[in-house]
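Here are my notes for someone opening this one for the first time. Have the viewer ready and go through the points in order.

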Amino acid sequence: MATIELKNISKQFQTGVEAVNNVSLKIEEGEFVVLVGPSGCGKTTILRMIAGLETITDGDILLDNVVANNIEPHKRNIGMVFQEYALYPHLNVFDNIAFPLKVLKRNNKKITKQEIKNKVLEILDTLELASFINHKPKELSGGQRQRVALGRALVRNPGLFLFDEPLSNLDAKLRVTLRQEIINLHKKFGITSIYVTHDQIEAMTMGDKIAVLKDGCLQQYATPFEIYNNPNNLFVADFIGSASINVFEGSIKNNIFYENNSDINFKINNKSNVDLKDIKYAAIRPELINIGNNYENNINIKIENVEFIGSETLLYFTTGKTKKRIICSPTQDIKTNMTILCSFQSDAILLFDDLGNRVW
């Protein structure tokens with residue numbers, strides 16, 4: 001297992017594009033950290049710099065407190081799983097997993113055939129692939145191929161495990177299954193892991209900590225609970241959650257928020273007694289808005305669209321200049337063009353200044 005620290009790392013390509021800008025974070029031994037953000041935010045570039053597949057423009061990467069900037073990739077003791085399985089099509093499952101051990105040396109001696117066999121059989125058993133030992137990649141499903149790729153990375157006993165969107169090519173149900181399998185593997189082996197995804201649900205369910213990135217810059221690095229409940233800024237608040245957060249643009253007077261271009265207003269609990277004159281945005285998560293008159297803030301809305309997705313129903317409405325949404329129980333019989341009363345707690349409201357920075 002390894003510790004890893006990024007110290008003000010940046011990456012600028014020859015085209016002039018700055019993919020990563022002054023990112024710093026520390027990952028403790030045995031932690032599972034997720035890098036999340038929209039496409040092009042720099043998360044895969046960071047992963048490739050850690051692996052040694054991309055050079056660093058500025059800053060340092062420390063592996064176990066040793067600067068690793070110039071250490072060759074094969075000497076970093078890193079296992080990596082890619083979005084594409086990158087399996088050898090002419091080799092069977094056993095030989096694909098065994099390949100790293102066949103080229104690996106221990107104390108300048110090659111690992112014996114029996115040692116390789118024992119280790120590969122152990123991995124096959126762990127990943128429930130023993131019955132596919134002689135299959136070629138083309139004979140496997142997508143999920144089975146990804147398990148083989150996991151096994152090939154695990155067999156080396158790496159100190160650090162890197163995942164580059166390994167589940168993005170799989171269907172929704174299989175992603176959920178393999179997501180849990182990866183977490184179980186992490187619990188079993190305890191390998192320090194960094195996982196890249198653009199899927200915030202993967203980030204929330206898998207990470208001990210999450211690093212949220214935007215335009216190459218680190219927006220927040222914290223636990224899923226902290227990021228969900230105390231986002232640093234409007235971008236993080238909107239990106240993390242089961243659906244986009246509802247944003248109201250307006251101003252506050254006498255602890256009442258008034259939305260621009262609408263008759264919507266609601267009470268603010270200013271518990272911290274902060275200056276509210278610079279507040280421009282109030283936001284509330286769609287799952288925290290309740291159908292009916294249950295809380296102190298009530299608003300009437302006209303439903304514009306209904307999306308029934310089985311486990312929940314999404315209701316869409318517009319106030320001010322923006323479309324908003326509510327997540328409610330699938331048993332609620334609400335239809336398009338209905339006008340309904342909904343309510344929410346003042347404590348559920350997040351406030352941001354004109355730059356989108358969190359005030360409280």
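1. Start with the residues of α4 that are hidden away: G143, Q144, Q146, R147, V148, A149, L150, G151, R152, A153 and L154 are buried. That makes 11 of the 13 residues in α4, so call this helix mostly covered. Bear in mind as you look that this is a predicted model.

2. What do the buried residues of α4 pack against? Their neighbours are two strands, β6 (78-81) and β9 (160-164), along with the helices α2 (93-103), α3 (113-126) and α5 (172-189).

3. A quick check on the length of α4, which covers residues 142-154: at 1.5 Å a residue, its 13 residues should span 18 Å. The C-alpha atoms at its ends are 18 Å apart, so the expected span and the model agree.

4. Next, have a look at β6, one of the elements that α4 packs against. In a regular strand, side chains alternate between the two faces of the sheet. In β6, I78 and M80 point one way while G79 and V81 point the other way, and all of them are buried.

5. β6 also has a partner in β9: the two pair in the parallel sense, over 4 bridges. If you want a place to zoom in, I78 stands opposite L160 in β9.

6. Now for a separate piece of sheet. It is an open one with 4 strands, in the order β2-β1-β4-β5, and the pairing is antiparallel. Which strands stand at the edges? They are β2 (18-27) and β5 (66-67); each has a single partner strand, so one side of each is left without a neighbour in the sheet.

7. Within that sheet, β1 (residues 4-12) and β4 (residues 58-63) run antiparallel and are joined by 5 bridges. E5 stands opposite L62 in β4. Helix α1 (residues 43-51) lies across β1, β2 and β4, and runs at about 115° to β1.

8. On to the aromatic rings. The count comes to 9 aromatic pairs, taking ring centres within 6.5 Å as a pair. One of them is Y88 with F99, a tilted pair at 4.8 Å centre to centre and with 50° between the planes. The two residues are 11 apart in the chain, with Y88 in the loop between β6 and α2 and F99 in helix α2. Are these two buried or partly exposed? Y88 has a relative accessible area of 30%, so it counts as partly exposed, and so does F99 at 32%.

9. Compare that with F266 and F344, an edge-to-face pair at 5.3 Å centre to centre and 75° between the planes. This pair links distant parts of the chain, 78 residues apart: F266 belongs to strand β15 (residues 265-267) and F344 to strand β22 (residues 339-344). F266 is buried, at 3% relative accessible area, and F344 is buried too, at 0%.

10. A few more ring spots to click on. F32, F161, F163 and Y195 form one aromatic cluster. R285 lies over the face of Y228, 4.2 Å from the ring centre. K324 has its charged end over the ring of F248, 4.7 Å from the centre.

Notes: Residues numbered from 1 in each chain as written. Predicted model: local features only at pLDDT ≥ 70, side-chain atom pairs only at ≥ 80, totals over all residues. Heavy atoms only, no water. Expected span 1.5 Å × (residues − 1). Buried < 20%, exposed > 50% of the residue type's maximum accessible area, 1.4 Å probe, protein only. Contact = heavy atoms within 4.5 Å. Pairing = 2+ DSSP bridges. Axes fitted to C-alpha atoms, helices over the stretch in contact; angles between N-to-C directions. Phe/Tyr/Trp six-rings, centres within 6.5 Å; stacked < 30°, edge-to-face > 60°. Lys NZ or Arg CZ within 6 Å of the ring centre and 35° of its normal.
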